[in-house]
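Subject: Structure handover

Hello,

Here is the structure I said I would pass on. My notes on what was found in it follow below.

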Amino acid sequence: MKANAPLIEAPASDASHKYDTLGYVDAYDAVLNCDYAFVAYKETDSNGDWRVRIRSSQTAGAVFEPTAMRSKARETAAQGKPWFQWGYSFDPSAGDPRCIQFRVHVAGGQASEIEMFVQLRKADGTADAAKSVRFGWPA
């Protein structure tokens, strides 16, 4: 494997779907001696319908359908919140500082960005530095 090669990639486009990579992040959990990798991509059907997907090497991912994001973004903005979680998440607890969240950032009542946020553990079980990648919501 090449140095710095992604650990996971978007699928290859075919006759029925076009895939465009939007973001990638990976992190290492020293307690489990395991790499986690996440890739986000836009999936467009041959009829033009599209969605954003996040695929993970170790966990479940997420699917962001435009209609569902429109509704949730409006609700989130009405509550005065800057973002909402969507899809799989692993939230920190008293005994485990790991945090994996897929966040949809909101501006003007609409989805504006997606963030893949990952914080895993050092060998002593404490939280390692967080890693995050954000990319614009496709138009």
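In which strand does Asp 45 lie? Asp 45 lies in strand S2. Please keep in mind throughout that this is a predicted model.

Asp 45 and strand S2

Asp 45 has a relative accessibility of 18%, so it counts as buried, the cut-off being under 20%. Beyond its neighbours within four places in sequence, Asp 45 is in contact with Ser 16, His 17 and Arg 51. The strand around it is similarly covered: S2 is largely enclosed by the rest of the structure, because eleven of its twelve residues are buried.

S2 pairs with strands S1 and S3. With S1 (residues 17–29), S2 (residues 34–45) forms twelve bridges in the antiparallel sense. Some of the bridge partners may help you to find the register. Tyr 19 is matched with Glu 43 in S2, Ala 27 with Tyr 36, and Asp 29 with Cys 34. The hairpin of S1 and S2 has four residues between the strands, and Asn 33 has a positive phi there, near 50°.

The pairing of S2 with S3 is antiparallel as well, over seven bridges. Here Ala 40 has Ile 54 of S3 as its bridge partner. Four residues lie between the strands in the hairpin of S2 and S3, where Gly 48 takes a positive phi near 95°.

The two sheets

S1 and S2 belong to an open, antiparallel sheet of four strands, in the order S1-S2-S3-S4. Its edge strands are S1 and S4 (62–64), each of which pairs on one side only. Neighbouring strands in this sheet are turned by 15° against each other on average, with direction ignored.

Another open sheet, also of four antiparallel strands, runs in the order S5-S6-S7-S8. S5 (83–85) and S8 (131–136) are the edge strands here, each pairing on one side only. From one strand to the next, the twist averages 25°. Helix H1 (residues 66–78) packs on this sheet and touches S5, S6 and S7. The direction of H1 makes about 125° with that of S5. Within the sheet, S6 (residues 99–107) and S7 (residues 110–119) pair in the antiparallel sense over nine bridges. One of the bridge partners to look at is Gln 110 in S7, which is matched with Ala 107.

Aromatic pairs and charges over rings

How many aromatic pairs does a search of the whole structure find? The search finds four. One of them is formed by Tyr 19 and Tyr 41, with an edge-to-face arrangement: 5.6 Å from centre to centre and 75° between the planes. This pair links distant parts of the chain, as Tyr 19 is in S1 and Tyr 41 is in S2, 22 residues apart. Both residues count as buried, Tyr 19 at 15% relative accessibility and Tyr 41 at 5%.

Phe 84 and Trp 86 also form an edge-to-face pair, because their planes are at 80° and their ring centres are 6.0 Å apart. Is each of these two residues buried, or partly exposed? Phe 84 counts as buried at 5% relative accessibility, whereas Trp 86 is partly exposed at 26%.

Lysines are placed over two of the rings. Lys 42 lies over the face of Trp 50, at 4.9 Å from the ring centre. The charged end of Lys 72 sits over the ring of Phe 84, 6.0 Å from its centre.

Nonpolar cores

The largest nonpolar core has 25 residues. Which of its members touch the most others? These are Phe 38, Ile 54, Phe 64, Phe 102, Ile 114, Met 116 and Trp 137. The elements giving two or more residues to this core are S1, S2, S3 (50–56), S4, H1, S6 and S7. Another core, of six residues, lies apart from it, and its members include Ile 8, Ala 10, Tyr 19 and Val 39.

Tyr 19 therefore turns up in several places in these notes: it counts as buried at 15% relative accessibility, its bridge partner in S2 is Glu 43, and its ring forms an aromatic pair with that of Tyr 41.

Regards

Key:
Residues are numbered from 1 along each chain as its sequence is written. This is a predicted model: local features need pLDDT of at least 70, side-chain atom pairs count only at pLDDT 80 or more; totals for chains, interfaces and linings use all residues. Side-chain values use heavy atoms; hydrogens and water are left out. Two strands pair if DSSP finds at least two bridges between them. Axes are lines fitted to C-alpha atoms, for helices over the stretch in contact, and angles run from 0 to 180 degrees between N-to-C directions. Contact means heavy atoms within 4.5 Å. Rings of Phe, Tyr and Trp (its six-membered ring) pair if their centres lie within 6.5 Å; planes under 30 degrees apart count as stacked, over 60 as edge-to-face and the rest as tilted. Buried means under 20% relative accessible area, exposed over 50%, partly exposed in between (1.4 Å probe, protein chains only). A charge sits over a ring if NZ of Lys or CZ of Arg is within 6 Å of the ring centre and within 35 degrees of the ring normal. A nonpolar core is a set of buried Ala, Val, Leu, Ile, Met, Phe, Trp, Tyr and Cys residues joined through side-chain atoms within 4.5 Å.
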